[in-house]
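Below are some notes on helix packing and on one pocket, written to be read beside the coordinates. Please check each point against the view as you go.

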Amino acid sequence: MTGVPASAAGGTGRPAPGGKLGAAAVNQASLWNIANILTMVRLVLVPAFVLLLLQDGGHDPAWRAWAWAAFAVAMITDIFDGHLARTYNLVTDFGKIADPIADKAIMAAGLICLSALGDLPWWVTGVILFRELGITLMRFWVIRHAVIPASRGGKMKTLAQGTAVGMYVLVLTGPLATLRFWVMALAVVLTVVTGLDYVRQAIVLRRKGLAAQRAVEGTSR
């Protein structure tokens with residue numbers, strides 16, 4: 001919904017009394033689109049996922065299967081909410097802020113809980129969380145000059161992290177337990193490599209932005 005129908009204004013095409021209030025109500029209602037609802041569902045799933053994972057000491061296969069289901073739903077909503085927002089022009093300021101928070105919250109919750117339970121080395125959790133926090137801060141560092149676009153490597157990193165954490169949430173043995181180790185190893189490698197690439201991009205973009213700014217200032221004198 002992008003505006004108030006003419007019929008709501010008396011059918012004359014003139015703004016109805018209290019038109020500003022009506023427009024504000026429409027803008028507020030636009031927040032309740034399917035993309036934002038999926039993002040909110042993912043935020044709600046974070047504490048639910050943690051509670052399920054830590055039930056009965058955190059090592060009960062049944063509870064961990066339920067935790068995996070919650071984690072899987074969160075990952076699926078992460079795929080669809082961004083796609084829906086871009087495809088149907090449902091991008092909002094709330095979505096821009098809440099979506100990355102929800103993404104990092106569910107991943108951080110999984111990593112920290114798994115390390116606290118002794119299933120995942122703390123250094124792995126530290127490397128991944130340090131990278132995610134660092135890149136987020138770096139985006140703000142260069143945002144006045146340019147936006148660092150999401151790369152194919154970054155998307156592969158996210159997929160590898162989600163797959164690895166999901167496999168560690170489940171109680172796996174034998175070849176599957178070995179496989180999840182290598183999937184997590186791949187996720188860590190992609191995390192480091194793509195993180196270094198983002199740093200390189202940020203430095204280049206900032207230098208270009210500062211050079212353009214100096215050029216503009218020079219011509220205006």
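1. In this predicted model, H4 and H6 pass each other in a left-handed crossing. The two helices, H4 spanning residues 93-116 and H6 spanning residues 152-169, have axes that come within 10 Å and cross at roughly 40°. H4 is therefore oblique to H6, since an angle has to be under 35 degrees to count as roughly parallel.

2. The contact between these two helices joins Met107, Gly110, Leu111 and Leu114 of H4 to Gln161, Gly162, Val165, Tyr168 and Val169 of H6. By residue class, the contact of H4 with H6 comprises six nonpolar and three polar residues, with no charged ones. Please note that a glycine is contributed from each side, Gly110 from H4 and Gly162 from H6.

3. Turning to the packing of H4 on H3, the axes of H3 (residues 61-87) and H4 come within 11 Å and cross at roughly 155°, and the two helices are therefore roughly antiparallel to each other. The crossing of H3 and H4 is again left-handed. On the H3 side the contact is made by Arg64, Phe71, Ala74, Met75, Asp78 and Asp81, and on the H4 side by Asp99, Asp103, Ile106, Met107 and Leu114.

4. What is the division of the residues in the contact of H3 with H4 into nonpolar, polar and charged? There are six nonpolar and five charged residues, and no polar ones. Among the charged residues of this contact are Arg64, Asp78 and Asp81 from H3 and Asp99 and Asp103 from H4. Met107 and Leu114, which belong to the H4 side of this contact, also take part in the contact of H4 with H6.

5. H4 also packs against H5, at an angle of about 160° and with the axes 9 Å apart, which makes H4 roughly antiparallel to H5. Here too the crossing is left-handed. From H4, the residues Lys104, Ala108, Leu111, Ile112, Ser115 and Ala116 meet Trp122, Thr125, Ile128, Leu129, Glu132 and Thr136 of H5. The residues of this contact divide into seven nonpolar, three polar and two charged. Leu111, listed here on the H4 side, likewise appears in the contact of H4 with H6.

6. A separate point concerns the second largest pocket, which has a volume of about 200 Å³. Its lining consists of Val127, Phe130, Arg131, Gly134, Ile135, Met138, Thr191, Val192, Gly195, Leu196 and Val199. Helix H5 (122-142) and helix H7 (175-220) each supply at least two of the lining residues, and H5 gives the most, with six.

7. As to the character of that lining, seven of the residues are nonpolar, three are polar and one is charged. The charged residue is Arg131, while the polar ones include Gly134 and Thr191.

Technical notes: Residues numbered from 1 in each chain as written. Predicted model: local features only at pLDDT ≥ 70, side-chain atom pairs only at ≥ 80, totals over all residues. Heavy atoms only, no water. 1 Å grid on protein atoms, 1.4 Å probe; cavity = no way out; pocket = protein on both sides within 12 Å on 5 of 7 lines; lining within 4 Å. Points joined across faces, edges and corners; volume = space filled by probe spheres on them. Helix = DSSP H or I, 4+ residues; strand = E, 2+ residues; numbered from the N terminus. Axes fitted to C-alpha atoms, helices over the stretch in contact; angles between N-to-C directions. Parallel < 35°, antiparallel > 145°, perpendicular 65-115°, else oblique. Left-handed = near helix turned anticlockwise from the far one by under 90°. Contact = heavy atoms within 4.5 Å.
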